[in-house]
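Thanks for coming. I have one structure to go through today, and I will keep to helix packing and charged pairs. Here it is.

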Amino acid sequence: MCVVVTELGEGDGQALVRNLRRRGSGRVILLARRAGRRDLVGLLTGGLRGAVATDPNAVVGLPGAAPGAVPSPFARSRPDLTTRELSVLRLVADGFSNRAIGEELGLSALTVKSHLARISRKLGTGDRAALVAISIRTGLLS
């Protein structure tokens, strides 16, 4: 699941984690325009799979990391993806289905599925939202 918020206010992260736990949502990525580093780290330690804030003034990032990115316990070094895999990943980020990606790139849906399986192995997750979040965080997608 991908949760998108404009701004994560002081203490809102804890409430979000409690609500997600109550609903049994264990595989969650948070994308926020603005969020404090403390809240993002709290979300990650509370069980979210990843959290990214796009406002570079909102949090202090790591050298070489995307602005506002906070490392997750699942963070990997930047993986080497082929040009085709990057094309598939960009279309996933744009919300395309496997069939629509295949039509866009002249591939079968099964070939797209194979590309996504390889990308998933390289990034360490099979969740589409996590693929996009990790790709943004590691600078594969901008």
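Asn98, Arg99, Ile101 and Gly102 are what H4 brings to its contact with H5, and from H5 the partners are Ala109, Val112, Lys113 and Leu116. Sorted by class, that contact holds four nonpolar, two polar and two charged residues. Keep in mind that this is a predicted model.

Now the geometry of that pair. H4 covers residues 98-105 and H5 covers residues 109-123; their axes come within 8 Å and cross at roughly 105°. Angles from 65 to 115 degrees count as roughly perpendicular, and H4 and H5 are therefore roughly perpendicular to each other.

H4 has another contact to look at, with H3. Helix H3 runs over residues 83-93, and it packs with H4 at an angle of about 130°, the axes being 10 Å apart. That angle makes H3 oblique to H4. The crossing of H3 and H4 is right-handed. On the H3 side the contact is made by Arg84, Ser87, Val88, Leu91 and Val92, and on the H4 side by Ile101, Glu104 and Leu105. By class, the contact of H3 with H4 has five nonpolar residues, one polar and two charged. Ile101 of H4 is in this list, and Ile101 also takes part in the contact with H5.

On to the charges. How many salt bridges does the structure hold? It holds two. As a reminder, side chains of opposite charge can pair when their charged atoms come close.

One salt bridge joins the side chains of Arg118 and Glu85, at 3.5 Å from N to O. Arg118 sits in helix H5 and Glu85 in helix H3, so this pair ties together parts that are 33 residues apart in sequence.

The other one is between the side chains of Glu85 and Lys122, at 2.8 Å, N to O. It too links distant parts of the chain, with Glu85 in helix H3 and Lys122 in helix H5, 37 residues apart.

Glu85, Arg118 and Lys122 are thus linked in a network of salt bridges.

Is Glu85 buried or exposed? Glu85 is buried, because its relative accessible area is 2%, and the cut-off for buried is under 20%. Its partners are another matter. Arg118 has 32% relative accessibility and so counts as partly exposed. Lys122, also at 32% relative accessibility, counts as partly exposed.

To finish, the picture is this: H4 contacts H5 and H3, while salt bridges from Glu85 in H3 reach Arg118 and Lys122 in H5.

Notes
Residues are numbered from 1 along each chain as its sequence is written. This is a predicted model: local features need pLDDT of at least 70, side-chain atom pairs count only at pLDDT 80 or more; totals for chains, interfaces and linings use all residues. Side-chain values use heavy atoms; hydrogens and water are left out. Axes are lines fitted to C-alpha atoms, for helices over the stretch in contact, and angles run from 0 to 180 degrees between N-to-C directions. Helices (H or I, at least four residues) and strands (E, at least two) are DSSP runs, numbered from the N terminus. Angles under 35 degrees count as roughly parallel, over 145 as roughly antiparallel, 65 to 115 as roughly perpendicular and the rest as oblique. Contact means heavy atoms within 4.5 Å. Ala, Val, Leu, Ile, Met, Phe, Trp, Tyr, Cys and Pro count as nonpolar, Asp, Glu, Lys and Arg as charged, and the others, Gly among them, as polar. A crossing is left-handed if the near helix is turned anticlockwise from the far one by less than a right angle, and right-handed if clockwise. A salt bridge is a side-chain nitrogen of Lys or Arg within 4 Å of a carboxyl oxygen of Asp or Glu. Buried means under 20% relative accessible area, exposed over 50%, partly exposed in between (1.4 Å probe, protein chains only).
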